[in-house]
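These notebook entries record what I looked up in one structure. I begin with the term on which the first entry depends.

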Amino acid sequence: MDALWMLPVLLLLPVLFWTSSTFVFYFKKCFYVAYMMLLALIAIPICILKSGGRDIENMRVIRFLVRHVKYFLGLRYEISGWQHLQAEGPYVIISNHQSSLDVLGMMEILPDRCTMIAKKELIWAGTVGMICWLGGIVFINRKKTSDAKTVMGDAAKTVLADQIRLWVFPEGTRNQKGDLLPFKKGAFHLAIQAQVPIIPIVFSSYNNFYKRKEKEFNSGTITLKVLPKIETKGLTGEDVTSLSEQSYGSMRSAFLELSGQPPQSNGPSNH
Ligand SMILES: CCCCCC/C=C\CCCCCCCCCC(=O)SCCNC(=O)CCNC(=O)[C@H](O)C(C)(C)COP(=O)(O)OP(=O)(O)OC[C@H]1O[C@@H](n2cnc3c(N)ncnc32)[C@H](O)[C@@H]1OP(=O)(O)O
Ligand SMILES: CCCCCCCC/C=C\CCCCCCCC(=O)OC[C@@H](O)COP(=O)(O)O
């Protein structure tokens, strides 16, 4: 048998693949999605039994169930600025958005009575979509600005009526370019309409452990920095742009500092 010499090579190939970082990348990603789906499946009946349906209090169940997932993925979180989250009453949290992994960081820090704004497509993500709905997540249609504005206007009313907190990703999409994208305006309109403070939270860059292009997903430490709240009392629609610029500036310098990049003055414009 001429081809017999190939046998050890063929046997070695899967071994090489299994130990390669590409394998680890795909394995961790698949594990993450499958495990979150499973956790959501467990959470659904608990939430329905506890609160009978869509209710922001379900976020406690979700937060509790998600907290240990970081250990499986080799992730650690360091949190600074906790004191800034001790504010009473409703507020709007804004943070940068790099990946679906952000959910793990959110659940490390999520205050009580806090839900999120998300794209409406997420409701179709199987059990995860169902748990998002049960957790009171506000879904917006990003393709129809007028609809999104109406939904966010209603959300501003709910923030006050139900005394809740809302987490918004003002970049409007995931971004791992090593810098923040220009901010969209919705979060700032919302905070001004409700006259509630904005609390910015910055996630350090994932680039040192998670590289989508290179297919690398190593262990890593993520720093979450809560910045001082920005008051909106007395501000009007005319102040939206300056409020957005002020938030963008402080978050961007915190992001660059946390990610070990030298401060830059002329980044992408905010418009
Ligand atoms: C145990 C179970 C385990 C299960 C696992 C699950 C675990 C947990 C569940 C939680 C998971 C959920 C995590 C959620 C993450 C999802 C994140 C996302 O989906 S991010 C994408 C969606 N989010 C956003 O897009 C929010 C930010 N976007 C905006 O705020 C936008 O402004 C907009 C969508 C409202 C509008 O978009 P666009 O037209 O592109 O943007 P602008 O340029 O900002 O606005 C155009 C003009 O309109 C004005 N404007 C905006 N908003 C308002 C408003 N509310 N009222 C009045 N006017 C508004 C704005 O000023 C612009 O006008 P201009 O004249 O240029 O100023
Ligand atoms: C049967 C349907 C199967 C769908 C499988 C998808 C399931 C996802 C499962 C587990 C991940 C758990 C965390 C889910 C929350 C992630 C939210 C998220 O990060 O959405 C992306 C959105 O912010 C920005 O979207 P784009 O970058 O604009 O696009």
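**Entry 1. A threonine in a strand.** I note first that a residue counts as buried when its relative accessible area is under 20%. I also note that the model is predicted. I then looked up T115, which is placed in strand β3. Its relative accessible area is 1%, so T115 is buried. I next asked which backbone atom the side chain of T115 reaches. I found that it reaches the backbone nitrogen of I137, at 3.3 Å.

**Entry 2. The chain as a whole.** I recorded nine helices and nine strands in the protein chain. The C-alpha trace spans about 85 × 50 × 35 Å along its principal axes. Of the 271 residues in the chain, 46% are buried. For one distance across the model I took K50 and P182, which are 132 residues apart along the chain. Their C-alpha atoms are separated by 40 Å. I placed K50 in helix α2, which covers residues 21-51. The relative accessibility of K50 is 59%, so this lysine counts as exposed.

**Entry 3. Helix α5.** Why is helix α5 described as largely enclosed by the rest of the structure? I found that seven of its eight residues, within the range 102-109, are buried, and the description follows because of that. The buried residues are D102, L104, G105, M106, M107, E108 and I109.

**Entry 4. Salt bridges.** I searched the whole structure and found 13 salt bridges. I looked at three pairs in turn.

R113 forms a salt bridge with E57, and the closest N and O atoms are 2.9 Å apart. This pair links distant parts of the chain, as the two residues are 56 residues apart. R113 lies in the loop between α5 and β3, whereas E57 lies in the loop between α2 and α3. R113 has a relative accessibility of 30%, so I listed this arginine as partly exposed. E57, at 27%, is therefore partly exposed as well. I then asked which residues are linked with R113 and E57 in a network of salt bridges. The network contains R60, R63 and D112 in addition to E57 and R113.

The second pair is E121 and K143, whose side chains meet in a salt bridge at 3.0 Å from N to O. Here too the pair links distant parts of the chain, with the two positions 22 residues apart in the numbering. I placed E121 in the loop between β3 and α6, and K143 in the loop between β4 and α7. Is K143 buried or exposed? At 68% relative accessibility, K143 counts as exposed. E121 has a relative accessibility of 30%, so the glutamate counts as partly exposed.

The third pair is E216 and K211, with the closest N and O atoms 3.6 Å apart. E216 is partly exposed because its relative accessibility is 24%. K211 has a value of 27%, so this lysine is also partly exposed.

**Entry 5. The loop between β5 and α8.** I looked up two residues in this loop, R174 and N175. The loop runs between strand β5, residues 165-168, and helix α8, residues 186-194. R174 has a relative accessible area of 45%, so the arginine is partly exposed. N175 has a relative accessible area of 5%, so the asparagine is buried. I asked what the side chain of N175 reaches at 2.9 Å. The partner is the backbone nitrogen of K177. A polar atom of the N175 side chain also lies 2.6 Å from the backbone oxygen of D179.

**Entry 6. Surface patches.** R174 appears again here, as I found that it belongs to a positive surface patch. The other members of this patch are K29, R142, K184 and R212.

I also looked up a nonpolar surface patch of about 800 Å². It is made by W5, M6, V9, L10, L12, L13, V15 and L16. I chose V9 from this list for a further check and placed this valine in helix α1, residues 6-19. V9 has a relative accessibility of 43%, so I entered it as partly exposed.

Notes: Residues are numbered from 1 along each chain as its sequence is written. Chains are lettered from A and ligands numbered from 1 in the order in which they are written. This is a predicted model: local features need pLDDT of at least 70, side-chain atom pairs count only at pLDDT 80 or more; totals for chains, interfaces and linings use all residues. Side-chain values use heavy atoms; hydrogens and water are left out. Patches are made of residues with over 30% relative accessible area and no salt bridge: like charges are joined within 9 Å, nonpolar side chains (Val, Leu, Ile, Met, Phe, Trp, Tyr) within 5 Å. Accessible areas come from the Shrake-Rupley method with a 1.4 Å probe; for residues, only the protein chains shown count as cover. A salt bridge is a side-chain nitrogen of Lys or Arg within 4 Å of a carboxyl oxygen of Asp or Glu. Lys and Arg count as positive and Asp and Glu as negative; His and the chain ends are not counted. The place of a charge is taken as NZ of Lys, CZ of Arg, CG of Asp or CD of Glu. Helices (H or I, at least four residues) and strands (E, at least two) are DSSP runs, numbered from the N terminus. Buried means under 20% relative accessible area, exposed over 50%, partly exposed in between (1.4 Å probe, protein chains only). A polar contact is a pair of N or O atoms within 3.5 Å; within protein, one must be able to donate a hydrogen and the other to accept it, and residues adjacent in sequence count only if both atoms are side-chain atoms.
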